[in-house]
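Reader: I am new to this structure. Please pick a single part, look at it closely, and then show me what lies around it in your account.

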Amino acid sequence: MSKEPHAKETVALVVRPRECAIGRFRLQVTAGPDRGVERVSDGAELSVGTAAGNHLVLTDGAVSRHHCVITVTDRGFLVRDLGSRNGTRVSGFRVEGAYLGAGAVLGVGKSTLRFDPLPDEIVEPLADEERYGRILGQSMAMRRLFAALPRISTSDSTVLIEGETGTGKGLLAEVIHQKSARAQGPFVVIDCSSIPPTLIEAELFGYMRGAFTTALQSRAGAFEAAAGGTVFLDELGELPLDMQPKLLRALEERVVRRIGSLDPIKLDVRVIAATNRDLRQEVNRGTFRSDLYYRLNIVRIRLPPLRERREDIPPLVAHFYEQFARSGDPLPPAELVAAFTKQDWPGNVRELRAAVERAILMEDQELWFEATLGAPPGSTPKAAAPATTDYEDDIALGSFRAAKERAVARWERGYIETLVRQSGGNLSRAARSAHMDRNHLRELLRRHGISATEE
Ligand SMILES: Nc1ncnc2c1ncn2[C@@H]1O[C@H](COP(=O)(O)OP(=O)(O)OP(=O)(O)O)[C@@H](O)[C@H]1O
């Protein structure tokens with residue numbers, strides 16, 4: 001029997017030497033208020049929700065604004081719930097995420113959707129180069145990004161970068177700036193998570209002398225200081241809700257006013273924002289304004305976690321090794337690269353970088369493995385606390401200060417890791433139980449490449 005065209009084998013994502021092929025699919029509403037509506041994917045992602053701007057917009061009141069998203073991955077078509085109010089169901093079962101087969105039935109709100117892969121595909125180019133500026137990567141995901149970056153960098157569009165902590169969002173923002181027409185202008189970073197909510201408006205927009213009791217002199221804000229350049233709004237998901245309309249207004253009107261002044265100052269900046277949260281989930285939760293999300297979501301880049309692009313680990317290890325090696329062999333030992341490639345790296349590239357640095361500091365191989373990968377299976381694990389018997393090793397470091405710093409860093413890491421684990425990975429709980437300031441703990445987590453959830 002001959003195969004009908006629809007019976008042709010479909011593949012989600014195929015990587016060829018200079019391009020990748022993204023499988024197309026159709027989502028059809030088979031029951032609910034929008035019955036009969038359908039949408040064919042036109043990229044690697046298709047979002048479903050009631051908010052305008054989704055690829056498939058539903059009118060069903062039981063569907064959330066940003067309900068779920070289907071992503072084409074090398075493992076198949078992945079549906080992911082976006083923290084919707086009533087959940088996403090696949091064949092009747094509520095799921096956080098699931099791979100879809102042909103004919104899968106999705107339930108969202110009171111609606112039913114049918115998923116069908118199509119035999120055609122969208123072809124996207126892959127860059128030949130395995131770097132873009134200072135960003136390294138040989139994985140398909142990074143080469144796909146490198147192929148798009150020249151166009152993104154030279155446009156003046158707002159960019160939203162999403163990715164877990166340590167995936168390189170800050171680096172990417174800086175490189176986009178350096179490759180843009182604004183490269184000679186300033187690159188001003190505002191970390192929305194580290195500025196107290198009461199000061200953020202002053203930091204962004206500036207103030208006039210006397211605008212508040214401590215304003216002894218007038219000061220320009222980030223938008224003004226970055227004139228001719230780029231403002232990088234890091235950890236944008238942390239921007240207090242009451243500041244969001246003010247930022248939106250500034251971006252729409254392209255003017256800012258210093259606190260205490262009515263004079264408009266024209267904006268001449270490009271905005272790049274980054275977040276380690278999925279802002280669509282924050283919109284559903286009511287902690288991020290939908291209109292601001294759409295204003296920023298002009299060009300969206302997702303930096304995948306390192307565990308989804310393990311091919312990038314060897315070149316990154318080699319790069320950091322060369323950076324930190326004080327003398328001798330600039331190439332990392334093959335066993336180290338092999339062992340690192342198997343790790344999951346919850347703190348992503350930052351954690352990998354710190355691990356390479358530690359490995360080099362500890363010139364003894366056994367210690368490397370223990371300090372970076374934990375004790376080998378079957379051995380009695382030594383605590384991550386300072387190796388109190390290793391004074392000779394410490395003395396060999398050459399200075400009391402370096403040895404003490406290393407010991408404190410090891411202790412700090414062990415303490416924080418245990419604290420976070422005991423607090424179920426929750427930053428607030430961990431900070432409370434150790435009587436620490438949340439921001440200080442967040443900074444330590446960052447430094448050691450340890451991840452924790454915010455809420
Ligand atoms: N692809 C890469 N190539 C080379 N270095 C990288 C790459 N990605 C990240 N790094 C390095 O890893 C470290 C962490 O990156 P960065 O600070 O940009 O991460 P981030 O995603 O902004 O983290 P956070 O969300 O915690 O602010 C930096 O030292 C950066 O230079």
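**A loop residue and a pocket**

Author: His435 counts as exposed, at 76% relative accessibility (exposed means over 50% relative accessible area, buried under 20%, partly exposed in between, with a 1.4 Å probe and protein chains only). This is a predicted model, in which local features need pLDDT of at least 70 and side-chain atom pairs count only at pLDDT 80 or more, while totals for chains, interfaces and linings use all residues. Residues are numbered from 1 along each chain as its sequence is written, and side-chain values use heavy atoms, with hydrogens and water left out.

His435 belongs to the loop between helix 14 (427–433) and helix 15; helices (H or I, at least four residues) and strands (E, at least two) are DSSP runs numbered from the N terminus. Its phi is positive, near 50°, although the residue is not glycine. Most residues other than glycine have a negative phi. Glu235 has a positive phi too, of about 50°, and is not a glycine. Glu235 sits in the loop between strand 19 and helix 5 (244–253), and its relative accessibility of 9% makes it buried.

Helix 15 (438–448) and strand 19 (230–234) lead to the next subject, since each supplies at least two residues to the lining of the second largest pocket. A pocket is found on a 1 Å grid over the protein atoms alone, as an open set of points where a 1.4 Å probe fits, with protein on both sides within 12 Å along at least five of seven lines; lining residues have an atom within 4 Å of a point. The volume of this one is about 1,100 Å³, taken as the space filled by probe spheres set on the points, which are joined across faces, edges and corners. Its lining has 41 residues, and nearest the centre are Phe320, Val349, Arg350, Arg353 and Ala354. Helix 10 contributes the most, with 7 residues. Other elements giving at least two include helix 8 (313–324) and helix 13 (400–422). By type, the lining holds 17 nonpolar, 16 charged and 8 polar residues; Ala, Val, Leu, Ile, Met, Phe, Trp, Tyr, Cys and Pro count as nonpolar, Asp, Glu, Lys and Arg as charged, and the others, Gly among them, as polar.

Helix 9 (residues 334–342) shows two sides. Leu336, Val337, Ala339 and Phe340 are buried there. The buried residues of helix 9 fall within an arc of 165° seen down its axis, so they line one face of the helix; the arc is that of the directions from the helix axis to the C-beta atoms. Exposed Ala334 and Lys342 are on the face turned away from that buried side.

Two further residues can be placed by distance. Asp291, in helix 7 (residues 290–296), is partly exposed at 33% relative accessible area. Its C-alpha atom is 9.4 Å from that of Gln244, which is 47 residues away along the chain. Leu13, in strand 1 (residues 13–15), is buried, with a relative accessible area of 13%. Leu13 and Arg358 are 345 residues apart in sequence and 37 Å apart in space, C-alpha to C-alpha.
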